[in-house]
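Me: I would like to learn how to read a structure such as this one, feature by feature. Could you take me through it, giving the general idea before each case?

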Protein chains: 2
Amino acid sequence: MADHPRSGAPELPATAYAVLGLLSFGRELTGYDLRKWSKNMRFFYWSPAQSQVYSELRRLLSHGYISERQEPQPGPQTKRYYRITDAGMTALRAWLGRDEVDPPVIKHSVMLRLFFGQQAEPDELRRTLRGYLCWLREQRTDLGEVGRGLLPAFQYPHLVAVWGQAYYAAETAAVEAVLAELDRLHPPTAED
Amino acid sequence: MADHPRSGAPELPATAYAVLGLLSFGRELTGYDLRKWSKNMRFFYWSPAQSQVYSELRRLLSHGYISERQEPQPGPQTKRYYRITDAGMTALRAWLGRDEVDPPVIKHSVMLRLFFGQQAEPDELRRTLRGYLCWLREQRTDLGEVGRGLLPAFQYPHLVAVWGQAYYAAETAAVEAVLAELDRLHPPTAED
């Protein structure tokens, strides 16, 4: 793991800060809780497997950024609760305040297919784009449900939810414009 | 590598189809050309390392989707040119026409930092968001330059470029709205 060039603090991947950030809301959480909470971040960042949550927790523990409390259960299992430490809070704040802006990374498979549209049937492209419109509609509904419960406690997640809705609305409008242009260039066949 | 459940064709990663798609524009290209061409896809999908381009070319060769022509050069080097085969064109068309819509995958680090904004100084968040606005402005300029040369030959890449510009414009408006809301909630300090 590379050391951070300026502060000497270890350089962690953004997903480690995502877990640390969820713990910064103040509650003691299990790995299971964290995975559940992280699902609210699927709209803009991340929907981790349970195993990824646990590997990030191990990483954060090794840096002293979180503490673990074990609670024996009936049977062989032990329940493990995690809490952010002062060192963890300092590390999170340093990461939030650093100057570099990591731009978003996008892998847009629908745009990729449109890019090679010359090799596709226009009707196939229309079907793909309409399928994407359905997915966008579902996302808007799901994000609407998540977003409703956020105020007044979660001001910043609420700002992200509003931004997310603007993104889905813009994508929807852009896809509709592409469909209109496609119809102009290649009028739909009768059976479409 | 898993077999495709319906057609029996091998299931390739989207990046393999991205390379195959670039070759479907009809020219015989070197790995170096492909890397150069792929840079026009960085706005929505992918900016591969040269090594990734070569590993995808090896994969496509092993499936018979592309052919290789070697041209001896002065010195020890051999120049290798790649061309899509009929089987490759069939595979690309099958991929473009399939029913499943893979939604875009986004890792939006700026939204991630805003999500945990409670732990940041509002002035730090403003700096991050303004830095992102600068990046968006550069992207719009760069995409504008790429997009200008596309018509009339590259109708579909042009549609993607128009869509990309709409995306950057929407992101810019959304970030400006977040900044305005941030100023309302936490008025800037004097020195900001």
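Reply: What follows is a set of questions and replies on this structure, which is a predicted model.

Me: How are chain B and chain A related, in terms of a turn and a shift along the axis?

Reply: The general idea is that two copies of a chain are related by a rotation about an axis and a shift along it. In this case, a turn of 180° with a shift of 0.0 Å along the axis lays chain B on chain A with an RMSD of 0.0 Å. That is the relation of a two-fold axis. Within chain B, the C-alpha nearest this axis belongs to Ile106(B), at 2.3 Å from it.

Me: How many residues does each chain bring to the contact, and which element of chain B gives the most to its side?

Reply: Chain A and chain B each bring 51 residues to the contact. On the side of chain B that touches chain A, at least two residues come from each of helix 1 (14-23), helix 4 (86-97), strand 3 (105-107), helix 5 (109-115), helix 6 (122-148) and helix 7 (155-185). Helix 7 of chain B gives the most, with 13 residues, and by class this side of chain B has 33 nonpolar, eleven polar and seven charged residues. Because 100% of the interface residues of chain B are also interface residues in chain A, the copies meet through the same surface.

Me: In which sense do strand 3 of chain A and strand 3 of chain B run, parallel or antiparallel?

Reply: Strand 3 (residues 105-107) of chain A and strand 3 of chain B run antiparallel and are joined by three bridges. Lys107(A), for instance, has Val105(B) in strand 3 of chain B as its bridge partner.

Me: What should I look for in strand 1 and strand 2 of chain A?

Reply: A general point to keep in mind is that side chains in a regular strand alternate between the two faces of the sheet. Here, strand 1 (residues 66-72) and strand 2 (residues 78-84) of chain A pair in the antiparallel sense over seven bridges, and one of the pairings sets Arg69(A) against Tyr81(A) in strand 2 of chain A. The two strands form a hairpin with five residues between them, and Gly75(A) in the turn has a positive phi of about 95°.

Me: How do helix 6 and helix 7 of chain A pack?

Reply: Two packed helices are described by the angle between their axes and the distance between the axes. For helix 6 (residues 122-148) and helix 7 (residues 155-185) of chain A, the angle is about 160° and the axes are 10 Å apart. That makes helix 6 of chain A roughly antiparallel to helix 7 of chain A, and the crossing is left-handed. Among the residues that meet are Leu129(A), Tyr132(A) and Leu136(A) in helix 6 of chain A, and Tyr168(A), Thr172(A) and Val175(A) in helix 7 of chain A. By class, this contact has 14 nonpolar, six polar and three charged residues.

Me: At what angle do helix 1 and helix 2 of chain B cross?

Reply: Their axes cross at roughly 100° and come within 10 Å, helix 2 covering residues 31-38 of chain B. That makes helix 1 of chain B roughly perpendicular to helix 2 of chain B. Ala18(B), Val19(B) and Leu22(B) in helix 1 meet Leu34(B), Trp37(B) and Ser38(B) in helix 2 of chain B.

Me: Is the peptide bond from Leu151(A) to Pro152(A) cis or trans?

Reply: Most residues other than glycine have a negative phi, and most peptide bonds are trans. The bond from Leu151(A) to Pro152(A) is cis, with omega near 5°, and Pro152(A) lies in the loop between helix 6 and helix 7 of chain A.

Technical notes
Residues numbered from 1 in each chain as written. Chains lettered and ligands numbered in written order. Predicted model: local features only at pLDDT ≥ 70, side-chain atom pairs only at ≥ 80, totals over all residues. Axes fitted to C-alpha atoms, helices over the stretch in contact; angles between N-to-C directions. Helix = DSSP H or I, 4+ residues; strand = E, 2+ residues; numbered from the N terminus. Parallel < 35°, antiparallel > 145°, perpendicular 65-115°, else oblique. Left-handed = near helix turned anticlockwise from the far one by under 90°. Contact = placed C-beta atoms within 7 Å. Nonpolar A, V, L, I, M, F, W, Y, C, P; charged D, E, K, R; others polar. Pairing = 2+ DSSP bridges. Least-squares fit on C-alpha atoms with pLDDT ≥ 70 in both.
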